[in-house]
Protein chains: 4
Amino acid sequence: MRPGRLEAFSDGVIAIIITIMVLEMKVPHGDRATDLMPLAPTFLSYVLSFVYVGIYWNNHHHMMHATTTVTGAILWANLHLLFWLSLFPFATGWMGENHFSPLPTALYGLVLLMAAIAYYMLQQTIIRSQGPDSILKKAIGRDWKGKLSPVLYISAILTTLLTPWISEAIFVAAALIWLIPDRRIENTLTRKEG
Amino acid sequence: MRPGRLEAFSDGVIAIIITIMVLEMKVPHGDRATDLMPLAPTFLSYVLSFVYVGIYWNNHHHMMHATTTVTGAILWANLHLLFWLSLFPFATGWMGENHFSPLPTALYGLVLLMAAIAYYMLQQTIIRSQGPDSILKKAIGRDWKGKLSPVLYISAILTTLLTPWISEAIFVAAALIWLIPDRRIENTLTRKEG
Amino acid sequence: MRPGRLEAFSDGVIAIIITIMVLEMKVPHGDRATDLMPLAPTFLSYVLSFVYVGIYWNNHHHMMHATTTVTGAILWANLHLLFWLSLFPFATGWMGENHFSPLPTALYGLVLLMAAIAYYMLQQTIIRSQGPDSILKKAIGRDWKGKLSPVLYISAILTTLLTPWISEAIFVAAALIWLIPDRRIENTLTRKEG
Amino acid sequence: MRPGRLEAFSDGVIAIIITIMVLEMKVPHGDRATDLMPLAPTFLSYVLSFVYVGIYWNNHHHMMHATTTVTGAILWANLHLLFWLSLFPFATGWMGENHFSPLPTALYGLVLLMAAIAYYMLQQTIIRSQGPDSILKKAIGRDWKGKLSPVLYISAILTTLLTPWISEAIFVAAALIWLIPDRRIENTLTRKEG
């Protein structure tokens, strides 16, 4: 199997996930502003998840670009990642409908955590298959974002015990870390260590 | 990333949006004409949105055709456009179910407006990335349709304060402007100015 | 636009239509055979529509294969066809849920009729764009199936006034005409005329 | 038609099936653990079906890779397979919602059985079209997994008469047989027979 096929299939699944998430935002029956307002949390959680799925799509593309052959292990590690991504609509809907209450927020964090772990496992599976001169290993560098994210998600899950608003702030921060082009941050980190 | 990949992913998302919109038209329980009739507004709003999504798909394709490389900024500007397009099913369903009442019509106009702005931003991001000899800049010309549309959508939002029927007429007119091959109109406009 | 792109987008929409149709078959709440039985008509109408969408996908592919360039008119004629195909899930669900009662059966026939007309219009638009030596014109030959189908659908709509079961039989027959490889039938028809 | 097109369409349908299955897991209204718990069986049945669809996607890809031309018979045999796969979301949802009770479990087994038969028919149709030197025939070898699976599914359907838990165990076992790389098992089997 060429990486192109794996990417096309994953793109298809990700395109569907990103689009059906919006179906959790049910059309309200009344036509006044007071009928629309209760949907605000669902809308905000949709925006957050849309950005996360966008980040995964983007990163997944770059990873596939550095992938040369597809083994059976890579294929199943990829399906494992898609599995956790497929739970985004459910976790997003539950968190939104319950206005960011503690347990749904913790479950959302858990799905983010599992997706991050699945992504890491896929990455390692590809690197292992490429041997010592792995292109992907060079491409990801020190991968500080990939290592920081799970820590943030675990913190967010734990802070739901205090208040879910800290958790939401952590989710937003973790997304921004991936969104902002990071040369400057990485340079800073390197200099500090150097 | 090649523009081809970005286009394939966008095509996938657009294909799903255009198709799930029809799911807002819920199958009625009875089997008589009087059970079907209440769906007429939902059907009409579906037709309108189908045409709009078709226009976006068409224009997006032409834009991608004039795109040479995909930067990170282009990628996120594209996802931003897809985000607003993904709200079409919701806005269409709410407007249809409430028989074109003022607020849902205004929200529909807002989603159209935001999609138009997102499209414009994507266009500008691509042009900026291509430098002074931008192919896309030449291809779009004076882009009078792209500049007129947001004005029409804002007018439509405002006229919901009077009556939503004027707003609907504006939505239809704005769609027709994109549908009708425009050489003659453009020539006329050029001659007037010239 | 290359025909390949138009076909890929159409394939995407058709793949989604064929799959979301099954969502009209709602999971029953109970777990006994008597809970499942009422779904039999929905299941049968799903099978019928699955076959029809399969036929359209197949024919559409062959048509695209004989298409050399894509004009604006072809693009919109194609979206027009996809529009009517997108109503299959609704028409199928309504007919199934109402156990093939007259009006839903007539609406199903109407959607089949409109899709057939849209297909014919698309075909003619492509042929016109190809000029006198149209490859597609040669490929479709006398197109007796394409000409017979609308007649059958109209008959099916009219016979719902008597009993919808004749209509259903006509729908099945019209599908079989497309399914069965037709060299022998065509030969027979040619011989009769010759 | 090239096998590539058939595969792309099938990939699209499979990507949608695998993703809409998650929609059967309805977002609960409350936000406590006791609201989430009743979804556990639905979640487990989703995991099982996700793995099965993943296996089909994987095997289908390998089959297409060994396919040289696409005849009309192959095309319809492929749609026949997609038809049974499209019933996975329904069967999965019914089994999950009813907490693996006997009849839904038997229906799930029936859908698995029919998909396995459809897969086998597609395989045979391709082999027949390739003549005596069929690449696919060589590629599948003795196909002991393909022959064992239907037997397992039939056993699972029958054991629902005793207890559905044996059936579930058989479903899991049948999936594992496909997941585990099988060189060793095959060698063992060959040695025994040799």
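**View 1. The largest nonpolar core, with F88 in the thick of the contacts.** In this predicted model, the largest nonpolar core takes in 257 residues. The residues with the most contacts inside that core are F88(A), F88(B), F88(C) and F88(D). Generally speaking, nonpolar side chains in soluble globular proteins tend to be buried together.

**View 2. Who F88(D) touches.** Skip the neighbours within four places in sequence, and F88(D) is in contact with a set of residues from its own chain. Among them are I17(D) and M21(D), then S49(D), Y52(D), V53(D) and Y56(D). V111(D), L112(D) and A115(D) complete the list.

**View 3. Laying chain D on chain A.** Turn chain D by 90°, shift by 0.0 Å along the axis, and the RMSD to chain A comes out at 0.0 Å. That's the relation of a four-fold axis. The copies meet through different surfaces, because only 3% of the interface residues of chain D are also interface residues in chain A.

**View 4. The contact between chain D and chain A.** Chain D puts 32 residues into this contact, and chain A puts in 26. About 2700 Å² of area is buried between the two chains, with carbon and sulfur atoms giving 76% of that. On the chain D side, V27(D), D31(D) and W57(D) lose the most area to chain A, and together they make up 25% of what that side buries. There are two salt bridges between chain D and chain A. For a look at side chains meeting in a salt bridge, take E7(D) and R5(A), at 3.2 Å from N to O.

**View 5. Chain pairs that don't touch.** Chain A and chain C make no contact, and their nearest C-alpha atoms sit 9 Å apart. Chain B and chain D aren't joined by any contact either, with their closest C-alpha atoms 9 Å apart.

**View 6. N58(B), a buried residue in contact with chain C.** N58(B) belongs to helix α3 of chain B, which covers residues 40-65. Its relative accessibility is 12%, so N58(B) counts as buried, the cut-off being under 20%. Leaving out neighbours within four places in sequence, N58(B) is in contact with L75(C) and W76(C).

**View 7. Helix α8 of chain A, end to end.** This helix runs over residues 144-159, 16 residues in total. At 1.5 Å a residue it should span 22 Å, and its end C-alpha atoms are 22 Å apart, so the two agree. The buried residues of α8(A) include W144(A), K145(A), G146(A), S149(A) and P150(A). Further along the buried list come L152(A), Y153(A), A156(A) and T159(A).

Conventions. Residues are numbered from 1 along each chain as its sequence is written. Chains are lettered from A and ligands numbered from 1 in the order in which they are written. This is a predicted model: local features need pLDDT of at least 70, side-chain atom pairs count only at pLDDT 80 or more; totals for chains, interfaces and linings use all residues. Side-chain values use heavy atoms; hydrogens and water are left out. Copies are superposed by least squares on the C-alpha atoms of residues with pLDDT of at least 70 in both. Contact means heavy atoms within 4.5 Å. Helices (H or I, at least four residues) and strands (E, at least two) are DSSP runs, numbered from the N terminus. The expected span of a helix is 1.5 Å times one less than its number of residues. Buried means under 20% relative accessible area, exposed over 50%, partly exposed in between (1.4 Å probe, protein chains only). A nonpolar core is a set of buried Ala, Val, Leu, Ile, Met, Phe, Trp, Tyr and Cys residues joined through side-chain atoms within 4.5 Å. Buried area is the accessible area (1.4 Å probe) that two parts lose on being put together, summed over both. A salt bridge is a side-chain nitrogen of Lys or Arg within 4 Å of a carboxyl oxygen of Asp or Glu.
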